[in-house]
Amino acid sequence: MKRFTKFMVMAAIAAIPFAFTSCDDDDDWYYDDGPWWYGYNDGGYRWNDNYYNHGGGNDDDDNSLIDEAQTLAGEWDGQMAYTNGADNNTTSNFYANMTFSQNNTTATKGTGTEIDYLLDGSGKVYDSQTLKFDWYIADNGDIYVRYASSSTFVLDINASQHGFSLNDTAFKGYMIGSNNNDLIYFDFKRQTSEAKAAFGTSVTSKASQIFGSSAITPMTGKTWALPRR
């Protein structure tokens, strides 16, 4: 908890007040042929228990998926923006700390904890919520996250617009609702790897493979709030 508090204070001191790119045109969130969730919540991107409970997500023979899972595993901290397609595209900004734990060192699935929080001017937390989730990586490299509320999101590795970028030190992109119309943008920095998390040591930067796209367009938004979900 001390380590988490330290990161929250550092975020308040080191970061310019939360500044995702600003834009007043809500239509930016829509494709020409539909909104961001177009094609995602029609069943094709739903959570697949076969990956999580049986094959395809444990001791996978595909080394690239294991590499992706091992890169994802660990603690990340940074900023989030959340919007709901049924809520006039209102965007809420807040900080978040996410930890992804593998079921074992070669598993491409696991569990996790997300702590969403808001800071006051002195860097103290004045509002927070803790969310539990499960996750797995599909055969094509997509990352699926299912919260305890049953809300499920997909991180589409091949998305042309709302994709994600993951390497050893940075993780950012979009989580697209697959059984809801929510969209989450996140911009995280590595805090600890899974192996070092228990010791509270930071990961040193090193050359690494990039999973997903190296170019991610930030979500717009100006309002600081903590959406309950």
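Two rings of Phe, Tyr or Trp, the last taken by its six-membered ring, count as a pair if their centres lie within 6.5 Å. In this predicted model, the count by that rule comes to 18 aromatic pairs. One of them is formed by Trp76 and Phe171, whose ring centres are 5.4 Å apart. Planes under 30 degrees apart count as stacked and those over 60 as edge-to-face; the planes of Trp76 and Phe171 stand at 55 degrees, so this pair is tilted. The contact links distant parts of the chain, since Trp76 belongs to strand S3 (residues 74–84) and Phe171 to strand S10 (residues 170–177), 95 residues apart.

Both partners are withdrawn from the surface. Buried means under 20% relative accessible area. Trp76 has a value of 0% and is therefore buried; Phe171, with 1%, is buried as well. The two residues also belong to one aromatic cluster, which includes Phe100, Phe133, Trp135, Tyr147, Phe153 and Phe164, together with Phe186 and Phe188.

The cluster leads on to the nonpolar cores. Phe171 is among the residues with the most contacts inside the largest nonpolar core, which has 30 residues. Met80, Phe100, Val145, Phe164 and Met175 are the others named for their contacts there. Apart from this core lies another, of 18 residues, among them Trp36, Tyr136, Tyr144 and Met219.

The strands may be followed next, beginning with S5. Of the 11 residues of strand S5 (residues 109–119), 9 are buried, so the strand is largely enclosed by the rest of the structure. On one hand, S5 pairs with strand S4 (residues 91–102) in the antiparallel sense over 8 bridges, and a hairpin of 6 residues joins S4 to S5. On the other, S5 runs antiparallel to strand S6 (residues 125–137), to which 11 bridges join it. S5 and S6 likewise form a hairpin, here with 5 residues between them. Within that turn, Gly123 has a positive phi of about 85 degrees. Ile115 of S5 offers a useful point of reference: Asn97 stands opposite Ile115, and Ile115 in turn stands opposite Thr130 in S6.

Aromatic rings also meet charged side chains. The charged end of Arg229 sits over the ring of Tyr147, 5.2 Å from its centre; Tyr147 is itself a member of the aromatic cluster. A second such contact involves Lys109, which lies over the face of Tyr52 at 5.5 Å from the ring centre.

Technical notes:
Residues are numbered from 1 along each chain as its sequence is written. This is a predicted model: local features need pLDDT of at least 70, side-chain atom pairs count only at pLDDT 80 or more; totals for chains, interfaces and linings use all residues. Side-chain values use heavy atoms; hydrogens and water are left out. A nonpolar core is a set of buried Ala, Val, Leu, Ile, Met, Phe, Trp, Tyr and Cys residues joined through side-chain atoms within 4.5 Å. Buried means under 20% relative accessible area, exposed over 50%, partly exposed in between (1.4 Å probe, protein chains only). Helices (H or I, at least four residues) and strands (E, at least two) are DSSP runs, numbered from the N terminus. Two strands pair if DSSP finds at least two bridges between them. A charge sits over a ring if NZ of Lys or CZ of Arg is within 6 Å of the ring centre and within 35 degrees of the ring normal.
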